[in-house]
Amino acid sequence: MPRRSQGDPLSPQLFCSVMHWVLSRLDDRLGLGLADGVTVNHLAFADDVALVSTMPMGMTRLLNELEDSMCKVGLKPNPAKSASLRIMVSGKRWFCHAEPYPSLDRTRFPTIDIAGSYRYLGVRMAAGWKIGTEVTHRLEEGLWQLSAAPLKPQQRLFLHVHLLPSLYHELVLSRYSKGLMRYLDRRSWEAVWRWPHLTHDVPQPFFHARAPDGGLDIPELMVQVPMMRRARVGKLFNHATWHYDPVLAAVIGKSKALSLE
């Protein structure tokens, strides 16, 4: 086979095919048990791979199998960009085990503790991570930059074009609360009130009405995010139903957060 460069359009297809073979070599008897006897031992998106196991020995074996299969195709996992999250349960209490035990290339990589976090698919996650911390900071920073920039008031009102859409990915993929949505909407309303010096008796629908109808066309996150989440889950539900993905079907069937009802 001729050697392909990184910019070749065939490179992603070849990489996905190789990673599919590598992950298919993992022992399917190890992992996390779901409904109807379905077991999942890995999550993969491009070059981000997360291994899942209910036992430390099972995780060690999965890591060894992953490293061995990757070496056979000329790939090598990077211990410096790897981490483990080990949650122990004792009765009704749970805690993060801080002792590092897994290794890659004979190098132990760090363990995420209760205060640590990791990023997967662009969303920061952790056992003790406070929901909405990062997205709130991003909104506050964006509103401050719009206020400080030498822009006309009507130019600042285009926050729905760049700022608010930058929050959608994390809000749709992560857990969120109604309180967080109300807070983010309230901060947006306050900025929109302040920039053009609107009076305090301006009704709320004026902000969210479409521009052709005389409104400012500012999306309401309290409404927009659940609709986008429902549409995304609907696609997953259809994929699991028509293409029968057993892992996806088991997750949707057991998760209240992904329920369409």
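Contact here means heavy atoms within 4.5 Å. By that yardstick, in this predicted model, Leu-159 touches Leu-143, Leu-146, Leu-164, Pro-165, Val-192 and Ile-218, leaving aside residues up to four places away in sequence. Leu-159 also belongs to the largest nonpolar core, a group of 24 residues, where it ranks with Leu-171, Leu-184 and Leu-221 among those with the most contacts inside the core. Four helices each chip in at least two residues: α3 (133-148), α6 (165-173), α7 (178-194) and α9 (221-242). The largest share, six residues, comes from α7. A second, separate core has 12 residues, including Val-22, Met-59, Leu-104 and Phe-109. As a rule, nonpolar side chains in soluble globular proteins tend to be buried together.

Back to α6: its buried residues are Leu-167, Tyr-168, Glu-170, Leu-171 and Val-172. They pack against β10 (123-125) as well as α3, α7 and α9.

Now for the chain as a whole. There are 10 helices and 10 strands. With a radius of gyration of 23 Å, well over the 18 Å that the globule rule gives for 261 residues, the chain is more spread out than a compact globule. Its C-alpha atoms fill a box of roughly 65 × 55 × 40 Å along the principal axes, and 31% of the 261 residues count as buried. Of the contacts with a separation of 6 or more, 55% link residues 24 or more positions apart.

On the outside, the chain exposes about 17400 Å², with carbon and sulfur atoms supplying 57% of that area. As for charge, there are 32 positive and 24 negative side chains, and the centres of the two sets sit 2 Å apart.

How values were computed:
Residues numbered from 1 in each chain as written. Predicted model: local features only at pLDDT ≥ 70, side-chain atom pairs only at ≥ 80, totals over all residues. Heavy atoms only, no water. Core = buried A, V, L, I, M, F, W, Y, C linked by side-chain atoms within 4.5 Å. Buried < 20%, exposed > 50% of the residue type's maximum accessible area, 1.4 Å probe, protein only. Rg over C-alpha atoms; globule rule 2.2 N^0.38 Å. Areas by Shrake-Rupley, 256 points an atom, 1.4 Å probe, with all protein chains shown as cover. Lys, Arg positive; Asp, Glu negative; His and termini not counted. Charge placed at Lys NZ, Arg CZ, Asp CG, Glu CD.
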